[in-house]
Every structure is written in C-alpha cells, then in structure tokens.
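Let's take a walk through a protein fold together, one piece at a time. Have a look at the picture below before reading on.

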Amino acid sequence: MSLPAEVDVLVVGAGPAGLATACSLLAHGVRADRIAVADARVEHDRSYSRALVVHAKTLEMMERIGCADAVVAAGQEEHSIAFNSLASGRLITYDTSPLKGKTKYPFVCVIAQSETERVLYSRLQVLLGGGDVHWGMKAVSVRETADGWKVVGFDGGEEVRARYVVGADGPHSVVRQAAGIAYPDPFDKTGRATSMPADLDHPSKADEVFCLADVRVDFPPVDPTATGRKPSQPLPREGVNAYLSPHGPSLWIPFGQGTFRIVGQIMDGEAPAAPSKEYVQHMLDTRYPSPAPTITELVWSSRFYVKFRLAAKYWEEHVPGTPVQAVGAKGGLLIVGDAAHVHSPMGGQGMNLGIRDSIYLGEALAHCLSPSLSAPDARALLQRWSDDRHAAGKRVIDLAGGITFFAANATGMVEWARDWVLWLVGCVPGMRRMAVWMLSGLGEKSATY
Ligand SMILES: Cc1cc2nc3c(=O)[nH]c(=O)nc-3n(C[C@H](O)[C@H](O)[C@H](O)COP(=O)(O)OP(=O)(O)OC[C@H]3O[C@@H](n4cnc5c(N)ncnc54)[C@H](O)[C@@H]3O)c2cc1C
C-alpha cells in the first residue's frame, strides 16, 4: 500500500497517540481517504509494554472513538492500590470508591500498553474500512509550499502534502522540530529552551532511571500471624501494591496468568539495559517485604531513562521561514503525546494524557476541515485546543514531579516523617477524594471542540 500524494491530515506516528488521533478524526466524520497515518516501525507489534493503566477519564474519552468497552474487556478492574513503606508498613490506600456514581468507570483499568494499542489499532482498521497504517515510513522533513500545503518527506524519498500534519512521533518528534517548537524541562529554572532533542538521548544526572521486568515467581509460605500495618506482610498474589524503600519506589502489579510486573526507580546510579534475573531478584529482595518470592522465569526486562519535558505550545500554523502567500488557507503543525510532553511514570499518566490530547485534537481538526468554518475560526479553535492541552500537560507534569520527589527522596528521619504524613493524609477522606480525582484524570476540564 503506497502513501497517498495528498490528504487533509497526515498523522506521523502510530503509537497510542497517533492511533487515537486517527480514530478520533474518523469517528468525527473525516473521510478515510482524506487522512493517512505513517510510522517508521515495520509492523505494529511492540517488543515492550510501558504503560500499565488506563484511568477513568481516558476511558470516558475512548467512548467517543468506540474503544472503551474493548479496553475494559481486555484489562483488569482494580478498585484500590496500596502504598506501603518497607519501614512502616501500609501507609495509604488509593481507593476508587469516591468515583462511584460520578463516572461509568469507577476503577483503574490495569492493561499492558501493547494491549491498549492493539485495541486502538483494531478500531482504526475498522474505521478505515480496509485501509491501514503505512508502516516502515520514517518522516525526515517537513516543508511548506507558498500556498500553505505542508509537505512531509520520508526516508525513501516519498512526499505527502497535507493541510494539517499531526506529530505523534514521540519525544524526538520531527514534526515538533520542523515547527520550531521548544521542548524545555519545565523544572529547569535557567529557562533553557531545548527544541533539538540531542540531550534526550544522553542520560544526565537529571534523569530518572527505571527498571521494568515481567516475572513468574514461587511465593514463600504465608505467615498467618502477619497482620495490620506490619511491614512483614508478604507480597500479595492479587492487587497492585507500591513500596517505598531507601532503594527507591517500586511497584508490584499482578498481570494475570501468573505474571507479575516489577517497576523500580533506580536511585543509586546506572542499571543494565536488560536487567538479568539476578538483578531483578536483588530488587525483589531489597525493595519488597521479605521473604521475597523467588523468580522462576524472567519473561522480559528493560531499563528506561525518563526526562521531564513540556513543549512550549502544541501547534504552529506555519513551518518557520516559509514565505506563505496564501493568507486565509487553513493548515498547521500539531503535536500530541510524548511529542508534546514526557515525564516520570509515577502516577501512570503519560499515555493517558497523550490519548486524551489526541481524541480532543481529532474532534477539533474535524471541525477545522468543515467548509463552513472560516480560517480565522479554525485558527482560534486550534489555539484553544493547544492552550487547554498545554495546561493539562503542565498539571500532570507537576503531579508526576511531586509524586516522584515525595516517593524517591527520603531516608532516615525524612523517610519516617514522609511515611507519617502519607499515613495521616490517608486518614482524611477529603484528601483521599482529591487524590483519586486528580489521578483518574476526572479533575481535567472536559471540553468539546
Ligand atoms: C518506564 C515507563 C513507564 C511508563 N508507564 C506508564 C504508565 O503506567 N501509564 C501511562 O499512562 N504512561 C506510562 N508511560 C508513558 C507511555 O509509555 C508514553 O507516554 C506513550 O507510549 C506515548 O505514546 P506516543 O504515541 O505519544 O509515543 P510512542 O509510544 O513513542 O509512539 C511514537 C510512534 O512514532 C513513531 N515514530 C517516531 N519517529 C517517527 C518518524 N520520524 N516517522 C514516522 N514515525 C515515527 C514510532 O515508531 C512510534 O510508533 C511510561 C513510560 C515509561 C518510559
């Protein structure tokens, strides 16, 4: 299947954000032959799965593109996540019961990112009515013609011209760079604006290092005398649990069929690119309650460097430097997902935020393409979308940064004080409700475009 020469919208990237954008465009009435989706990967399958949860607000948004039921069916409903300290035992339980009656989805849906993407991809194939993503197509350039068409060049020499180009092409986004949109660290007080992603490739002191592993284990015998807030309770076979320890925060997620996901932030330096069974067993032994289970099989493991970045804005009307003559033509470059924001996985927000950016954008672009909407009104609509999503991104980055700081930077007396503060917060129903509201995404403003 070859790329079309001309479309209304070209989506670059078919990760969760690109797939959701394309589904939303089609669900909001854009004709399948007027969009194209291109991705550098040769096929859809991913060899890894990073995100593990889909939150209530994201499921509500996924209803708009006909994917919510399939995601819920493929995942597990979790109604609570327990936060524990190795030093003090159970601190606080993130309990989704305050969401009952407020949303159709009063739970956290635990589902591997690869499964969420599979649902989005299947839905896209249905909406495309026989069409598909153009796999193996790496975008390398974006230029603009004098009459306002954006022309995306691919590494095989192909070119596609489009009115709107959506960059769903991850943190190194070619589209964001072509638009000249800065991608600074929102916590960098020097105000250094980074539009080139070179430093994204090089681990720096400011990075967070995470180790992820899927394991099968043998559990030690249960101690029937262990009760209450005692740290000696063994790792549970069911339920998501977070553990705070001097080695760093860690998660324990039962994944179904006897597989468990371990996620740990590595505080004391470098981690191997593919952590060995021994390395992961050491994490289990030192960060989780003892006696720890014994790993019988390491299914998969990986290391990730995580940076904090937030694009200065999410849309630019023209490729900088183009002498555009066709004033009044509609068009623009837009960015969604990790092309617009990256941050710590603490709180499980990144993919969720990107999917919501994308579903809103599909709706906004569908209106922009309507002949009844003038170019100035289309511009104003995209500006509103960009402002709203930038504000949503900033809130999530502040939240993820805050959780990371609180969870990761504590030893000795500070650890003790943190544990007590968390425990006390867990005793105040209003605080618990606020936490659930923020993490579920339901605190995010709902909009129509
Ligand atoms: C360790 C870790 C744990 C995480 N846990 C969670 C979690 O629990 N919950 C959560 O919500 N999020 C989580 N995230 C974040 C989540 O994985 C990302 O936010 C999500 O994958 C971003 O999706 P995306 O579609 O924007 O980008 P990607 O998934 O990066 O997809 C980008 C796509 O663009 C393609 N592409 C790139 N460049 C080009 C090009 N030039 N031309 C064509 N195609 C191109 C790529 O091939 C890829 O398919 C985690 C991230 C990490 C690192």
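How are α1 and α4 oriented: roughly parallel or roughly antiparallel to each other? Keep in mind that this is a predicted model. The axes of helix α1 (residues 16–27) and helix α4 (residues 113–128) cross at roughly 30°. Angles under 35 degrees count as roughly parallel, so α1 and α4 are roughly parallel to each other.

**Helices around α1**

Two packed helices are described by the angle between their axes and the distance between the axes. Helix α1 packs against α4 as just described, and there is also a crossing of α1 with α7. Here are both pairs:

| Helix pair | Axes come within | Crossing angle | Handedness |
|---|---|---|---|
| α1 and α4 | 9 Å | roughly 30° | left-handed |
| α1 and α7 | 7 Å | roughly 30° | right-handed |

With that angle of roughly 30°, α1 and α7 are therefore roughly parallel to each other too.

Who does the touching? Let's start with the crossing of α1 and α4, which is left-handed. On the α1 side you'll find P16, L19, A20, A22, C23, L26 and A27, and they meet Q113, T116, E117, L120, Y121, R123, L124, L127 and L128 of α4. Sorted by class, that contact of α1 with α4 has twelve nonpolar, two polar and two charged residues.

Now for α7. Here α1 brings P16, A17, A20, T21, S24, L25 and A27, while α7 brings M351, G354, I355, D357, S358, I359, L361, G362, E363, L365 and A366. The contact of α1 with α7 splits into eleven nonpolar, five polar and two charged residues.

**Around the ligand**

Which residues come nearest to the ligand? Of the 35 residues around it, the nearest are G13, G15, G170, G337 and G350. The elements that give two or more residues to this shell are α1, β2 (35–39), β12 (208–218), β16 (294–306) and α7 (350–369). The top contributor is α7, with four residues. By class, the shell around the ligand has 18 nonpolar, eleven polar and six charged residues.

**The sheets**

Strands of a sheet pair through backbone hydrogen bonds, either parallel or antiparallel. Let's see how that plays out here.

One open sheet has seven strands, in the order β6-β5-β13-β14-β15-β12-β16, and its pairing is mixed. At its edges stand β6 (89–95) and β16, each with a single partner strand, so one side of each is left without a neighbour in the sheet. From one strand to the next, the twist averages 20°.

Zoom in on strand β14 (residues 250–256) and strand β15 (residues 259–266): they pair in the antiparallel sense over six bridges. Opposite W252 you'll spot I262 in β15.

Helix α6 (residues 277–287) lies across β12, β13 (240–244), β14, β15 and β16, and runs at about 90° to β16.

There's also an open sheet of three strands, with the order β3-β7-β4 and antiparallel pairing. Its edges are β3 (53–54) and β4 (76–78), and each has a single partner strand, so one side of each is left without a neighbour in the sheet. Two bridges join β3 to strand β7 (residues 108–110), and these two strands run antiparallel. And what is the bridge partner of V53 in β7? That's V110.

Definitions and conventions. Residues are numbered from 1 along each chain as its sequence is written. This is a predicted model: local features need pLDDT of at least 70, side-chain atom pairs count only at pLDDT 80 or more; totals for chains, interfaces and linings use all residues. Axes are lines fitted to C-alpha atoms, for helices over the stretch in contact, and angles run from 0 to 180 degrees between N-to-C directions. Angles under 35 degrees count as roughly parallel, over 145 as roughly antiparallel, 65 to 115 as roughly perpendicular and the rest as oblique. A crossing is left-handed if the near helix is turned anticlockwise from the far one by less than a right angle, and right-handed if clockwise. Two residues are in contact if their C-beta atoms, placed from the backbone, lie within 7 Å. Ala, Val, Leu, Ile, Met, Phe, Trp, Tyr, Cys and Pro count as nonpolar, Asp, Glu, Lys and Arg as charged, and the others, Gly among them, as polar. Two strands pair if DSSP finds at least two bridges between them. A residue is near a molecule or strand if its C-beta atom, placed from the backbone, lies within 6 Å of it.
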